[in-house]
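Please walk me through this structure in the viewer. At each stop, tell me what to select and what is there.

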Amino acid sequence: MKNKVIMFWIIIALTLLSIFVIHSMPTRLGLDLKGGSRIVLEAQTTETISKITQDMMDALKATLDRRINPQGISEITIQQIEDKRLLIEIPTDSDLKEVRRKLSEIAELEFKKPILDDNGNVVRWESSGLTGKDLEKASVGTDEAGKWVIQLSFNAQGARKFAQLTKEFRGYPIAIYFNGEVMSEPLVKQEIIGGQAQISGDYTHERAKADVDLLNAGALPVPAKILEENAVSPTLGVDSLNKSYIAGFVGLAFVMLFVIFWYRVPGFIADIALIIYSLITFAVFKITGVTLTLAGIAGFILSVGMAVDANILIFERTKEELKAGRTLFTAINAGFDRAFTSIFDSNMSTIITCVILYFLGSNIVKGFALTLAIGVAVSMFSAITVTKNFMHLMFGTGQLKHPALFGLRESDINQAYEAAETKREKAKFGVLD
Amino acid sequence: MSYSVLNTKKIIDVIKYRWLWFSITLILLLPGIIAMIYSMIHYPTHSPLRVGIDFTGGSIIQYAVDHNISSENVANIRTKLMDGDIENPVIQVLKPSATDSETSIKYILSIKTKFAEENQSEELEKITKIIKSDYPEAEVVQTNSVGPVLGQQLFVNSMIAVVLALLGIIVYLTIRFHFEFALAAILALCHDLLFVMGIFSILGLFAGVQIDSLFVTAVLTVLGFSVHDTIVVFDRIRENNKFYAKNASYDDIVNASVNQTLARSINTSLTTLITLGALYFFGGVTTKDFVLVMILGIAIGTYSSIFFASTLVALWNDMAEAKKAGKN
């Protein structure tokens, strides 16, 4: 009995610890529950790039990161999945228009020199060798007329090239191409040595800012194509979450009433065990950093179902043992022992399934498998330890004086005595026939 | 009189009426199987169910609207979208939930179209423009575009995962029980999957319901639950067989085991169905089909563990004994 009391306090401590963890650690919600977007990109080979290397993927990832998260403050994550794919997750923002543009722009800046005919007219433009790679920094500024311009400062090499270019073509126009389009064709008035230039197009401030971000982030090392995109508005996310909460509470309340109605006092104990179970499971979710998604919630609900099932199995078995005339203590023990193989085998097969699904499944299935596996593991603990402990503490070791506590009738037990050849004494010592 | 499994109060005689149960199984499965065959012949994808964009590639864009849209207006929207060069749009209005607070989303207008490789964003913006011209309050709540390559890959991967999970269960049950039990459990599982898929095939034909990644997740849940349920009954058969094999026939042991676990089987399913029922009536609009799969699957899973899996084990045992007797 002393052990039982110690165990009781361990359970209470664990419960309090779980409440503390749940209270102090943030819940990580998936994009489908808080809104946000998710994009899968694949690097594409071109005529010049025949194979995508890991270096290219790293460079692509770094460039994209600078583009969509120029200040590095938002919670955007980019991670590589498989050899050529990147997964971008943007929380709470479900407007993909701006993001799509940032991802697909090539951001190629190029200064082109004119090829002139005999009269000094421009026949065509040709690459000057000065590109976005020579850029140190781009920023938004205004010109004398107060219009928005993009100011460029070149690095040392770029400044040298720019000086060379402006010296060679003094008095002629040069062209600034951005993403294959002419942005402006300024006339070179003099040689420019400081490595400073500006592009004056018909910019709005937003457009100038967006292009500056692109220029600062640099060109993509390889082109990338969007394979999949998924955006959920925060409105829908919050709606799904709230409705899941309501549904969860209503469902749980009904289940608890049902269990009490059917199993009486043990049912009440099972309900307390169920609450402890939910608390511990949620605490484990938070500690292990599980991101909760709709599929994850499904996994959790299923595990609640299985946790209730473990209790039901045990109680049905205990009832049978009581009917066979055992004392409370042996009946409870026998109920647990005999139900345990069922619980163990069925839960093991569930965990095997979860492991396979976790390693092979898509993202959405992974979340499901993880929450279910955690839930099932905790449910074995809660059914075996928590329920059993509470049952023993509650009922002690004597004869069952009030069968109604278990939802049994007096006659059930008496009939069992008559039917059973097993002696009362034998049953008392928990000998199983 | 000795205390024996034979004394168990029989509520259902699963052995005596086994052909009745097998017939009921057939009646339950047949419409779905017919629907799946019909679908395989008539759908351009040649799939037994109407597959959604997750697996075929395509785009879905969903708008929250605050009043219901009649079927006439849906037809109107379709015409307008087609006039706007949107290829073959599929339009659905999702019904609201029982909860009706000010903040919650009422109706969802869902539009599915193909995945445009080149100008995906322009396509979606064009659709939004057309919708907003008629329903200015419509707010985009969800967009989902999947390229065809990724869709097929996801589908193949999901199938591999399901098959491996089944193999894992067979191996485990063979080790812990017996190969016959493992096979019966898997057949019961296939029975449940066929039923759920059949219903969704019918829903696909008559209500245009498509299956997506969430459907696969729900099916996996059913798979887990069904095996769980079957194992509990099998565990009882194994235990009873150990103690009473000498003075009771195998059929009687199976019969008694099913009846002993009957209360548990039904109670467990009921508690899970209560939770799922709450999710169905109070949960989000977008997860209704998902929950429906689980409700159907768990109900049929209980049926199959009581009437199908154990009857099958008894039948095989009878056949094996008859064979043995024939040899002697």
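## Stop 1: a helix and an overview of chain B

Select residues 71-83 of chain B, which form helix α3. At 1.5 Å a residue, its 13 residues should span 18 Å, and the end C-alpha atoms are 18 Å apart, so the expected and modelled spans agree. The model is a predicted one. Step past the helix end to B:Asp85: just after α3(B), this residue takes a positive phi of about 65°.

Now select the whole of chain B. Nine helices and four strands make up its secondary structure, and from the N terminus on they follow the order α-α-β-α-β-β-α-β-α-α-α-α-α. Along its principal axes, the C-alpha trace spans about 80 × 45 × 30 Å. Of the 328 residues in chain B, 47% are buried. Among contacts in chain B with a separation of 6 or more, 80% come from residues 24 or more positions apart.

## Stop 2: the sheet shared by both chains

Select the strands β2(A), β3(A), β1(A), β11(A), β4(B), β1(B), β3(B) and β2(B); in that order, these eight form an open sheet with antiparallel pairing. Which strands stand at the edges? They are β2 (77-81) of chain A and β2 (90-94) of chain B; each has a single partner strand, so one side of each is left without a neighbour in the sheet. On average, neighbouring strands of this sheet are turned by 20° against each other, direction ignored.

Zoom in on the place where the chains meet within the sheet. Here β11(A) and strand β4 (residues 139-146) of chain B run antiparallel and are joined by five bridges. Two residue pairs can be labelled: A:Asn230 stands opposite B:Asn144 in β4(B), and A:Glu229 has B:Ser145 as its bridge partner in β4(B).

## Stop 3: helices lying across the shared sheet

Add helix α3 (residues 54-68) of chain A. This helix lies across β1 (36-43), β2, β3 (85-91) and β11 of chain A, and runs at about 160° to β2(A).

Next add α5(B), residues 148-176. Helix α5(B) lies across β1 and β11 of chain A as well as β4 of chain B, at about 70° to β11(A). At 1.5 Å a residue, its 29 residues should span 42 Å; the end C-alpha atoms are 42 Å apart, so this span agrees too. To see the buried residues of α5(B), select B:Leu150, B:Gly151, B:Leu154, B:Ser158, B:Ala161, B:Val162, B:Ala165, B:Ile169, B:Tyr172 and B:Leu173.

## Stop 4: the interface from the side of chain A

Show both chains and select the residues in contact between them: 64 residues of chain A touch 65 residues of chain B. On the side of chain A, at least two residues each come from α4 (96-104), β11 (224-232), α7 (234-287), α8 (294-323), α9 (328-360) and α10 (363-395). Which element gives the most to this side? It is α7(A), with 15 residues. Colouring this side of chain A by class gives 37 nonpolar, 16 polar and eleven charged residues.

## Stop 5: domains and a second sheet in chain A

Hide chain B and colour chain A by its domain assignment: domain 1 (2-31 + 233-428), domain 2 (38-99) and domain 3 (109-217). The centres of domain 1 and domain 2 of chain A, taken over C-alpha atoms, are separated by 44 Å.

Then select β6, β7 and β10 of chain A. These three strands form an open sheet in the order β6-β7-β10, with antiparallel pairing. The edge strands are β6 (135-142) and β10 (196-203), each pairing on one side only. Neighbouring strands here are turned by 25° against each other on average, direction ignored. Strand β7 (residues 148-154) runs antiparallel to β10(A) and is joined to that strand by five bridges; A:Ser153 has A:Gln196 as its bridge partner in β10(A). Add helix α6 (residues 205-217) of chain A, which packs on the sheet and touches β6, β7 and β10 of chain A, with its direction at about 170° to that of β6(A).

## Stop 6: one tyrosine

Finish at A:Tyr177, in strand β8 (residues 175-178) of chain A. Is A:Tyr177 buried or partly exposed? A:Tyr177 counts as partly exposed because it has 17 C-beta neighbours inside 10 Å. Leaving aside neighbours within four places in sequence, A:Tyr177 is in contact with A:Glu110, A:Lys112, A:Val182 and A:Met183. As a distance to check, A:Tyr177 and A:Ile199 lie 10.0 Å apart, C-alpha to C-alpha, with their positions 22 residues apart in sequence numbering.

Notes:
Residues are numbered from 1 along each chain as its sequence is written. Chains are lettered from A and ligands numbered from 1 in the order in which they are written. This is a predicted model: local features need pLDDT of at least 70, side-chain atom pairs count only at pLDDT 80 or more; totals for chains, interfaces and linings use all residues. Two strands pair if DSSP finds at least two bridges between them. Axes are lines fitted to C-alpha atoms, for helices over the stretch in contact, and angles run from 0 to 180 degrees between N-to-C directions. Two residues are in contact if their C-beta atoms, placed from the backbone, lie within 7 Å. The expected span of a helix is 1.5 Å times one less than its number of residues. A residue is buried if 20 or more other C-beta atoms lie within 10 Å of its own, exposed if 12 or fewer, and partly exposed in between; C-beta atoms are placed from the backbone. Domain bounds come from an automatic or database domain assignment. Ala, Val, Leu, Ile, Met, Phe, Trp, Tyr, Cys and Pro count as nonpolar, Asp, Glu, Lys and Arg as charged, and the others, Gly among them, as polar.
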